[in-house]
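Work through the exercises below with the structure open. Try each task before reading its solution.

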Amino acid sequence: MSPTISVILPCRNEAASLEALLPRIRQALPAAEILVVDDASDDGSAAVCAANGVRCIRHPYRKGNGAAIKSGARAAAGDILIFMDADGQHDPADIPRLLEPLDDGFDMVVGARRSASQATLARGIANRIYNRLASYMTGQPILDLTSGFRIVRADLFREFIYLLPNEFSYPTTITMAFFRAGYHVGYVPITAGQRIGKSHIRPLHDGLRFLLIIFKIGSLYSPLKIFVPVAFAFFLLGTGYWVYTYSVAARLSIMTVFMLTAAVVVFLIGLVSEQITLLMYRPMMTLSPPVPGPSNRE
């Protein structure tokens with residue numbers, strides 16, 4: 001049997017873009033379930049969904065983009081979940097290209113925005129920094145950490161739903177979680193259009209939030225990737241300061257002892273954190289239902 005598909009669109013005051021987007025999604029996927037999760041919009045977004053015969057799940061008050069994603073994932077009936085932004089940036093014509101890698105055993109396929117698709121130069125530079133930092137944390141190349149256009153197997157996505165933040169950025173969390181879990185993540189290049197309406201992202205506030213999420217997920221799934229560099233930095237500082245004080249005053253300073261002790265303590269905390277992570281992660285793997293097909297989990 002062919003897997004069923006659910007398209008999930010988190011929405012916050014996107015009535016103008018939904019009028020054009022919903023018919024295009026229906027044309028691209030006539031048999032798919034379409035869910036719009038309305039995060040307490042006040043512009044008539046729910047009425048646009050009703051006019052297009054699309055199911056709308058409405059939050060009674062604003063919870064955030066991530067909360068809308070979680071509501072949609074819980075309510076969706078499909079075996080395959082397609083997440084798209086409701087602001088018109090993502091082209092439904094790209095959906096067949098993103099679906100193809102699933103037949104080759106991929107568990108999640110992300111629409112990786114080309115450099116020309118970045119809204120501003122600053123956003124493009126920030127995204128490249130996030131991509132490189134997340135690639136280091138996961139040990140895998142990440143081409144677009146924050147893309148909201150992705151296709152994923154529903155059962156695997158729900159394994160990590162409790163990790164997703166209620167605000168931005170769920171793509172950051174789910175991407176790093178999938179890589180760390182050993183699931184197969186693929187990328188398909190896309191060109192994102194200009195959004196309709198005003199962006200809800202606050203560059204400085206949400207940029208710091210993205211950075212915090214990277215470190216949070218990194219410390220949750222691969223603690224040594226964070227603790228070892230910090231311990232090594234303390235070790236270098238302590239050794240360098242000892243060489244300086246010994247050459248100048250032929251003594252061992254208290255600061256040297258402190259930094260070398262800190263290096264040992266941080267490293268040991270990293271080892272303990274790594275063991276806790278393994279103990280926490282093992283039940284998740286035991287309880288995860290096997291998925292048949294060519295996609296063998298590691």
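**Exercise 1. Place Trp242 and Tyr246 in the structure and describe their ring pair.**

Step 1. Both Trp242 and Tyr246 sit in helix α9, four residues apart, about one turn of the helix. Helices here are DSSP runs of H or I with at least four residues, strands are E runs of at least two, and both are numbered from the N terminus.

Step 2. An α-helix has 3.6 residues a turn, so residues three or four places apart point the same way.

Step 3. This is a predicted model: local features need pLDDT of at least 70, side-chain atom pairs count only at pLDDT 80 or more, and totals for chains, interfaces and linings use all residues. Residues are numbered from 1 along each chain as its sequence is written, and side-chain values use heavy atoms, leaving out hydrogens and water.

Step 4. Count the aromatic pairs: the whole structure holds seven. Rings of Phe, Tyr and Trp (its six-membered ring) pair if their centres lie within 6.5 Å; planes under 30 degrees apart are stacked, over 60 edge-to-face, the rest tilted.

Step 5. Phe160 and Tyr183 make an edge-to-face pair, 6.3 Å centre to centre with 70 degrees between the planes. Trp242 and Tyr246 are stacked instead, at 5.5 Å and 25 degrees.

Step 6. Trp242 counts as partly exposed because its relative accessibility is 36%. Buried means under 20% relative accessible area, exposed over 50%, and partly exposed in between (1.4 Å probe, protein chains only). Phe160 and Tyr183 are both buried.

**Exercise 2. Compare the span of α9 with its expected length, then list its buried residues.**

Step 1. Helix α9 covers residues 224-249, 26 residues in total.

Step 2. The expected span is 1.5 Å times one less than the number of residues. For α9 that gives 38 Å; the span from first C-alpha to last is 36 Å, close to that value.

Step 3. Its buried residues are Ile226, Ala231, Gly238 and Thr245.

Step 4. Just past α9, Ala250 has a positive phi of about 55 degrees.

**Exercise 3. Find which elements two of the salt bridges connect.**

Step 1. A salt bridge is a side-chain nitrogen of Lys or Arg within 4 Å of a carboxyl oxygen of Asp or Glu. The whole structure has seven.

Step 2. Arg153 and Asp107 meet at 3.4 Å, N to O. Arg153 belongs to strand β6 and Asp107 to the loop between α4 and β5, so the pair ties together parts 46 residues apart in sequence. Both residues are buried.

Step 3. Arg180 bridges to Glu274, with the closest N and O atoms 3.9 Å apart. Arg180 is in helix α7 and Glu274 in helix α10, so this pair ties together parts 94 residues apart in sequence. Arg180 is partly exposed at 27% relative accessible area; Glu274 is buried at 15%.

**Exercise 4. Which helix gives the most to the largest nonpolar core?**

Step 1. A nonpolar core is a set of buried Ala, Val, Leu, Ile, Met, Phe, Trp, Tyr and Cys residues joined through side-chain atoms within 4.5 Å.

Step 2. The largest has 41 residues; Phe83, Phe157 and Phe178 are among those with the most contacts inside it.

Step 3. Helix α7 (residues 170-181) gives the most, with seven residues.

Step 4. Apart from this core lies another, of 29 residues, including Ile5 and Cys49.
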